[in-house]
Amino acid sequence: MEWERTSQVSFTAKTLRDTRVRLGAAAGASGVLAAAVLTLASPVGAGASSAAAHHPSAAIALHLRAMPRGTVTFGRSRGLLTVRAAMSGLTPGSAHAVIVRVPGRARAVQFSTLTASSVGQASSTLHSNFAGHLARGSRLLVRMGTGSSAIAREPIAVTGRLSHPYRGAHRLTAVEVSRRGISYGTPKGHASVSYQARRHTLTVTVSASGVTPGPHAAHIHLGSCRSQGPVKYMLRDLIANHRGRIVHAVRVFTNVTAPIPASGWYLNIHQGNSGDILRSGQPTIFFRPLLCADIRGSG
């Protein structure tokens, strides 16, 4: 996968008891992903924190939304087909191939590369060499990357079958496809976050479906789903079963001395695991956000 170096991410880990994560991004037009340091005191599972479980604080309910999100609008420039993409929830600094499959046409229409900003947003007009008619039933796909590998060619967002291609904006639907090309549909889920002031614990509980089986990296970040920022807390990987479901996964952080803020945190679940979402300090193709929710506490 080709990466525009608008962001840089470095990652180091010691132990689960004293884990330090540095996830940052320098450069980029906004420089939002500034370098950050995370210290996790002791993330544990539900079974290792029964005392906190018996005395929970009020939980903040979260609706996990599939990523990326956005719309596309078709147009013409000098007689050639264009598409205006407005998206968020992409991997910061990532690059994506965009195509349209037209009924009756053997080859897909290729557009110029879609590139995400340092906060995972994209807002640009993509160009093609296609001067033909965009027929009813055409469908646009945003791919995982720009390369020729099977995983890079898998879609991460699609439109429905277009009945009126040139009429207004068309919503993109996020989709999840495994490394082997198995479709798990659109991810969905819910979560809760609670802070126990007396015990200084932060508890995160996640349930989800429509994700590839196996481990998935998950973090509480600073920022929002729309404007991504650095890691605040790194959850132990969430495990999806053979049906693509994460079932009531509980993660507890101890020695947390500050409550959940009114805004500025979000929960992000990635496609890959903690071992493959970064390489040499840079996001890999598996960094792709799958599910996200903004966290709004009482301040």
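This report covers the sheets, the nonpolar cores and the disulfide of one chain.

**Overall make-up**

The model is predicted. The chain holds two helices and 23 strands. Of its 299 residues, 53% are buried. About 13,600 Å² of the chain is exposed, and carbon and sulfur atoms supply 51% of that area. Many contacts span the sequence: among those between residues at least 6 apart, 66% join residues at least 24 apart.

**A four-stranded sheet**

Strands of a sheet pair through backbone hydrogen bonds, either parallel or antiparallel. One open sheet here has four strands, in the order S10-S5-S4-S13, and its pairing is antiparallel. Strand S10 (122-127) and strand S13 (170-171) are the edge strands, and each pairs on one side only. Strand S5 (residues 80-88) meets S10 over six bridges, in the antiparallel sense. In that pairing, Thr 82 stands opposite His 127 of S10.

**A five-stranded sheet**

Another open sheet has five strands, ordered S8-S7-S11-S12-S14, again with antiparallel pairing. Strand S8 (109-110) and strand S14 (173-174) each have a single partner strand, so one side of each lacks a neighbour in the sheet. Strand S11 pairs with S7 and with S12; the table gives both pairings.

| Strand pair | Sense | Bridges |
|---|---|---|
| S7 (residues 98-101) and S11 (residues 139-143) | antiparallel | four |
| S11 and S12 (residues 155-158) | antiparallel | three |

Individual residues mark the register. Arg 101 stands opposite Arg 139 in S11. Val 98 has Val 142 of S11 as its bridge partner. Val 142 also stands opposite Ala 157 in S12. S11 is mostly covered, with four of its five residues buried.

**The nonpolar cores**

In soluble globular proteins, nonpolar side chains tend to be buried together. The largest nonpolar core in this chain has 30 residues. Which residues have the most contacts inside it? They are Phe 74, Val 100, Phe 111, Leu 114, Leu 140 and Val 142. Several elements give two or more residues to this core: strand S4 (69-77), S5, S7, S10, S11, helix H2 (150-153) and S12. S5 gives the largest share, four residues.

Phe 111 shows how these parts come together. Leaving aside neighbours within four places in sequence, Phe 111 is in contact with Phe 74, Leu 81, Thr 82, Val 83, Val 98, Ile 99, Val 100, Leu 126, His 127, Ser 128 and Leu 140. Two of these partners, Thr 82 and His 127, are the residues that stand opposite each other in the S5 and S10 pairing.

Apart from this core lies another, of 29 residues. Its members include Ala 191, Val 211, Ala 249 and Ile 295.

**The disulfide**

A disulfide is a covalent bond between the sulfur atoms of two cysteines. The chain has one disulfide. Cys 225 and Cys 292 form it, with their sulfur atoms 2.1 Å apart. The pair links distant parts of the chain, 67 residues apart. Cys 225 sits in the loop between strand S17 (214-222) and strand S18 (231-240), while Cys 292 lies in strand S23 (residues 289-295).

Is the disulfide of Cys 225 and Cys 292 left-handed or right-handed? The torsion about its S-S bond is about -95°, so the disulfide is left-handed. Both Cys 225 and Cys 292 are buried.

Definitions and conventions. Residues are numbered from 1 along each chain as its sequence is written. This is a predicted model: local features need pLDDT of at least 70, side-chain atom pairs count only at pLDDT 80 or more; totals for chains, interfaces and linings use all residues. Side-chain values use heavy atoms; hydrogens and water are left out. Two strands pair if DSSP finds at least two bridges between them. Buried means under 20% relative accessible area, exposed over 50%, partly exposed in between (1.4 Å probe, protein chains only). Contact means heavy atoms within 4.5 Å. Accessible areas come from the Shrake-Rupley method with a 1.4 Å probe; for residues, only the protein chains shown count as cover. A disulfide is a pair of cysteine sulfur atoms within 2.5 Å. A nonpolar core is a set of buried Ala, Val, Leu, Ile, Met, Phe, Trp, Tyr and Cys residues joined through side-chain atoms within 4.5 Å.
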